[in-house]
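I wanted a look through this structure before going back to the bench. These are my notes, in the order I looked things up.

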Amino acid sequence: MHHALISLISNQERGVLKMDPSDIQSSYVPLPTTATDSDNVTSASSRRRSLLIAGAASFLLLILSISGVALYLSPQTNADQEPTLLKSNGQVEPTILEPAMSRGPSDGVSEKVSAVRGPGGGFPWSNSIQWQRTGFHFQPEKNWMNGMNTKKNLSAGPVYYKGWYHLFYQYNPDAAYWGNITWGHAVSQDMVHWYHLPLAMEPDHWYDSKGVWTGSATVSPSGQVYMLYTGGTNASVQVQNLAVPSDPSDPLLLHWTKYEGNPVLTPPSSLLPSDFRDPTTAWFDNSDGTWRVAIGSKDDNNHSGIALVYKTKDFISYELVPGLLHKVAKVGMWECVDFYAVAASGTSANQAIDTTVLAAMGNSQDDIRHVLKASMDDDRHDYYAIGSFDPINNKWKPDNADIDVGIGLRYDWGLIYASKTFFDPVKQRRILWGYVGETDSEKSDIRKGWGGLMAIPRTVLFDVKTRSHLLQWPVEEVEQLRTNRTTYTNITIDAASYFRLSASRAAQLDIVAEFEIKNTTLEKAMEADEEYSCSTSHGAAGRGLLGPFGFLVLADKSLTEQTAVYFYISRNSDGSLKTHFCQDETRSSKATDIIKRIVGNIVPVLSGETLTVRILVDHSIVEGFAQGGRTCITSRVYPTKAIDDAAGIYLFNNATAGPITAKSVTVWEMSSSYNRGLL
C-alpha cells in the first residue's frame with residue numbers, strides 16, 4: 001500500500017478575520033414604524049447592536065454543557081489485509097434527539113432542527129474548533145447565517161451591480177443560532193475574495209418585525225435596482241416589501257431605503273397568511289409592458305405546492321395574474337421559487353439568458369427551455385424541472401411529468417437548500433448560490449461562534465446531451481486558488497484495496513478524476529441489482545459487483561475517519577447499467593452529536609462517456625460533481641482526527657468483480673480566499 005505524510009496547514013493560513021460588533025451598523029433609511037404613518041424620510045441613521053446578552057447566554061450554555069465520548073470500532077490497516085473500514089459491519093448511527101424546547105417566537109428564535117446528541121451528551125470538542133471554518137467558501141466572520149435548518153424563508157438577493165457581485169444573506173448579528181433575521185451584505189469582484197459590509201436591512205418595522213426574509217433583486221434596463229423581500233409582520237403575516245438603493249450611484253449599495261407604502265403585496269384571502277413568501281427576480285413581458293414576479297405558496301386542499309404570478313409596471317402596484325404558473329399535488333409548501341430560461345441548442349447553450357428578455361423568447365422557439373425550481377418545506381430539498389413556458393396563458397409545463405418539481409430532480413442530493421440564481425451580465429452566465437447549514441449541534445455552533453456558509457457558486461447550463469438535466473459547475477474563478485498540482489495516470493485499484501495520494505494540505509483540495517472499468521470486469525457482473533439506492537445502502541462499506549469505488553477524503557491514517565465520494569454501478573434486469581453517485585458521511589467523524597448520512601442519486605452516463613468526478617474539500621464541507629455536474633452532492637462533515645495536517649486522501653475500490661482504473665487524477669491543494677472586513 002502507498003502512504004504519504006501530510007504537512008501542517010496553520011490556522012493563520014485560513015484568513016479567519018474578526019469584526020468589532022460595534023462596527024456592524026444598520027445601513028438604510030428607517031421608515032415609519034406604523035402602517036399609517038407615511039412621512040418621507042430623507043436622512044440615514046445607524047443603530048449599534050449590543051452582543052452582551054447573547055454572549056452571556058452563549059457562555060452559560062457552554063458552562064452547562066456535558067460531553068461524552070462515543071465508542072467506534074477501529075478498523076485494521078495492515079497492508080496485507082483487506083481494510084475492515086470497507087466492510088458492511090460496525091456502522092455507527094447517531095442518535096437523533098427530539099427537538100429541544102423552543103426559546104419561543106417571542107424571543108425571535110427557534111430550535112435548531114438538526115440538533116442531535118450521542119451517548120453522554122455529545123462529543124468532547126476541544127476549546128477551539130475553529131479548524132471547522134472553511135478556507136475558500138463564503139461565510140460571515142461570526143454568528144448565524146441561515147442554513148437548511150430554519151423553518152422560514154432562507155435566500156436573499158444576489159446581484160451584479162456596477163462592477164461588484166453582491167451577496168445579501170439572512171443573518172443573526174447577535175448570536176450563532178437562528179433569530180433576529182437581518183440582511184448581511186458582502187461584495188466581491190470575482191465571487192471568491194469577499195469584503196464584508198455593514199448590515200443592509202434590519203427587522204425594525206411592523207411589516208418585517210419578525211424578520212427580513214427572502215428577497216430577490218431585479219435590475220431594470222435603465223440600471224434601477226428593485227429589491228423585493230418577504231417580511232414577517234408583527235401579526236406573523238407574510239407580506240412582500242420593496243426597498244431601493246438610497247444612492248444608485250454607489251457601486252457598493254451601502255444604504256437602502258424601504259418604500260414608505262410597504263407592504264406592496266399581502267396574501268390573497270384564499271391562502272393562509274403564513275404561506276405567501278419568497279418573490280423571484282422579475283422578468284419582463286413584452287406583450288403588455290409589465291414585470292412579472294412569481295411567489296411560492298401552498299394549496300391546503302390537497303397539500304399542493306403552487307406558484308402565483310403578479311404583474312407590475314412600477315414595483316409598487318401589483319395585479320394577480322389569473323391562474324397558477326404551476327401546481328404539484330402532495331408536495332407541500334413551495335419556498336424560494338426560482339424561474340428562468342436556459343438556451344437548449346447550438347452554441348448558445350453555453351450562454352445564459354437574461355430574464356429581462358425571458359418572455360420575449362416565448363415558448364415557440366425550440367432552443368429555449370424554462371426551469372422552475374422550488375424549495376420543499378416538507379423535506380428541505382431543492383427540486384427543479386425543465387419545461388416550456390406559455391406567457392400568454394401564464395402556464396409552465398414540465399417536459400416530463402414524472403420528474404416534476406418536488407418529485408424528480410434536485411439541484412443537490414446533499415445539504416443545499418433555498419438556493420437562488422442570478423444572471424451575470426459580464427460573462428453572460430447564470431450563477432447559482434446555495435446555502436449550506438450545519439449538521440452538528442446548536443451547542444457546538446455556540447461554542448465555535450458561527451453557523452452556516454455558502455456552497456461555491458455554480459454556473460448553470462442546460463445539458464444538451466440528456467436534455468433532462470442541468471449542468472452545475474464551480475465558477476471558473478475558484479481555480480485561481482489552485483496550487484501544488486499532483487497528477488496521476490492509469491492507476492489500477494484492485495478489488496478491496498486502497499491507494500493513498502500525495503497532498504501536503506489535504507484539508508483544502510480540488511480534485512478532478514476520470515475512471516474506467518474494463519469490459520472483462522463488466523462481463524463478470526451480470527447479476528441484476530435493481531434495488532440499489534445510495535441512501536438505503538451500506539455506503540462505502542457495502543461491497544457489490546461493480547462498486548463502490550472512488551475517493552476517501554478528510555481521512556486519517558488509520559481510516560477510522562473518512563468521507564467517501566464514490567460511484568456504484570448496478571445492472572437492471574434488462575442487462576443495462578445504471579450508475580449511482582454517492583457520498584457516505586457515516587464514518588466522517590467519531591463525534592455522535594452530528595447528523596451522518598449516505599446521500600446521492602443516479603447520474604446519467606451516456607454511451608461513450610467515461611466516469612468523471614470533481615470534488616471540492618474545505619475542512620468541514622465536501623462538494624461532489626459527477627459527469628460534468630449532472631448530479632451534485634454537498635456534505636458537511638466534522639472530523640475529530642482527520643483535520644489539518646492529519647487529513648489525507650485515498651483512492652479506493654470495494655467492488656468484488658475486479659479492478660478499477662483511475663485513468664487520470666489531478667489533485668490541487670487550495671489556497672485560502674482570505675475574506676476581508678469592511679472596505
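The entries below cover sheets, a hairpin, salt bridges and a pocket.

**Entry 1: before starting**

I'm working from a predicted model.

**Entry 2: the sheet that begins with S29**

I started with strand order. One open sheet has 6 strands, which go S29-S38-S31-S32-S33-S34 with antiparallel pairing. Which strands stand at the edges? They are S29 (497–501) and S34 (598–602), and each has a single partner strand, so one side of each is left without a neighbour in the sheet. I also looked up the twist, which averages 20° from one strand to the next.

Then I picked one pair inside this sheet. S31 (residues 549–555) and S38 (residues 648–653) are antiparallel and share 5 bridges. Ala-555 sits opposite Gly-648 in S38.

**Entry 3: the sheet that begins with S28**

Another open sheet is also built from 6 strands, in the order S28-S39-S30-S35-S36-S37, and its pairing is antiparallel. Here S28 (482–493) and S37 are the edge strands, each pairing on one side only. Neighbouring strands in this sheet are turned by 15° against each other on average, ignoring direction.

I followed the edge strand S37 to its partner. S36 (residues 621–626) is joined to S37 by 6 bridges, and the two run antiparallel. Gly-624 is placed opposite Ile-633 in S37.

**Entry 4: a salt bridge connected with both sheets**

Asp-556 makes a salt bridge with Lys-641, with 3.2 Å between the closest N and O atoms. Where do the two partners sit? Asp-556 is in the loop between S31 and S32 (563–571), while Lys-641 is in the loop between S37 (631–636) and S38, so I noted a link between distant parts of the chain, 85 residues apart. Asp-556 is buried at 4% relative accessible area. Lys-641 is partly exposed at 35%.

I also noted a network: Asp-424, Lys-427, Arg-429, Glu-476 and Glu-477 are joined into one by salt bridges that share partners.

**Entry 5: S8, S9 and S10**

Next I went to S9 (residues 238–245). Is this strand enclosed or open? It is largely enclosed by the rest of the structure, because 7 of its 8 residues are buried.

S9 pairs with S8 (residues 225–232) in the antiparallel sense, over 6 bridges. Thr-230 stands opposite Gln-240 in S9. S8 and S9 make a hairpin with 5 residues between them, and in the turn Ser-236 has a positive phi of about 65°.

S9 is also joined to S10 by 3 bridges, again antiparallel. Lys-258 in S10 is the bridge partner of Ala-243, so I kept following that lysine.

**Entry 6: Lys-258 and its partner**

Which residue forms a salt bridge with Lys-258? It is Asp-204, and the closest N and O atoms are 3.2 Å apart. Lys-258 lies in S10 (residues 256–258) and Asp-204 in the loop between S6 (194–201) and S7, 54 residues apart. Lys-258 is buried at 1% relative accessible area. Asp-204 is partly exposed at 25%.

**Entry 7: a buried pair**

I then checked Glu-335 and Arg-277, whose side chains meet in a salt bridge at 3.0 Å, N to O. Glu-335 is in S17 and Arg-277 in S11 (residues 276–277), 58 residues apart. Glu-335 counts as buried at 0% relative accessibility, and Arg-277 counts as buried at 3%. For the tally, the structure holds 35 salt bridges.

**Entry 8: the second largest pocket**

Last of the main items was the second largest pocket, with a volume of about 440 Å³. It is lined by 24 residues, and the closest to its centre are Tyr-160, Val-219, Asp-354, Phe-423 and Pro-425. At least two lining residues come from each of S3 (159–161), S7 (212–219), S17 (334–343) and S22 (417–424). I sorted the lining by class: 13 nonpolar, 7 polar and 4 charged residues.

**Entry 9: one lysine in a loop**

Lys-313 is in the loop between S14 (304–312) and S15 (318–320). Is Lys-313 buried or exposed? It is exposed, with a relative accessible area of 62%. Its C-alpha atom is 9.4 Å from that of Asp-288, a residue 25 positions away along the chain.

Notes. Residues are numbered from 1 along each chain as its sequence is written. This is a predicted model: local features need pLDDT of at least 70, side-chain atom pairs count only at pLDDT 80 or more; totals for chains, interfaces and linings use all residues. Side-chain values use heavy atoms; hydrogens and water are left out. Two strands pair if DSSP finds at least two bridges between them. Helices (H or I, at least four residues) and strands (E, at least two) are DSSP runs, numbered from the N terminus. Axes are lines fitted to C-alpha atoms, for helices over the stretch in contact, and angles run from 0 to 180 degrees between N-to-C directions. On a 1 Å grid over the protein atoms alone, a cavity is a set of points where a 1.4 Å probe fits but cannot get out, and a pocket is an open set with protein on both sides within 12 Å along at least five of seven lines; lining residues have an atom within 4 Å of a point. Grid points are joined across faces, edges and corners, and a volume is the space filled by probe spheres set on the points. Ala, Val, Leu, Ile, Met, Phe, Trp, Tyr, Cys and Pro count as nonpolar, Asp, Glu, Lys and Arg as charged, and the others, Gly among them, as polar. A salt bridge is a side-chain nitrogen of Lys or Arg within 4 Å of a carboxyl oxygen of Asp or Glu. Buried means under 20% relative accessible area, exposed over 50%, partly exposed in between (1.4 Å probe, protein chains only).
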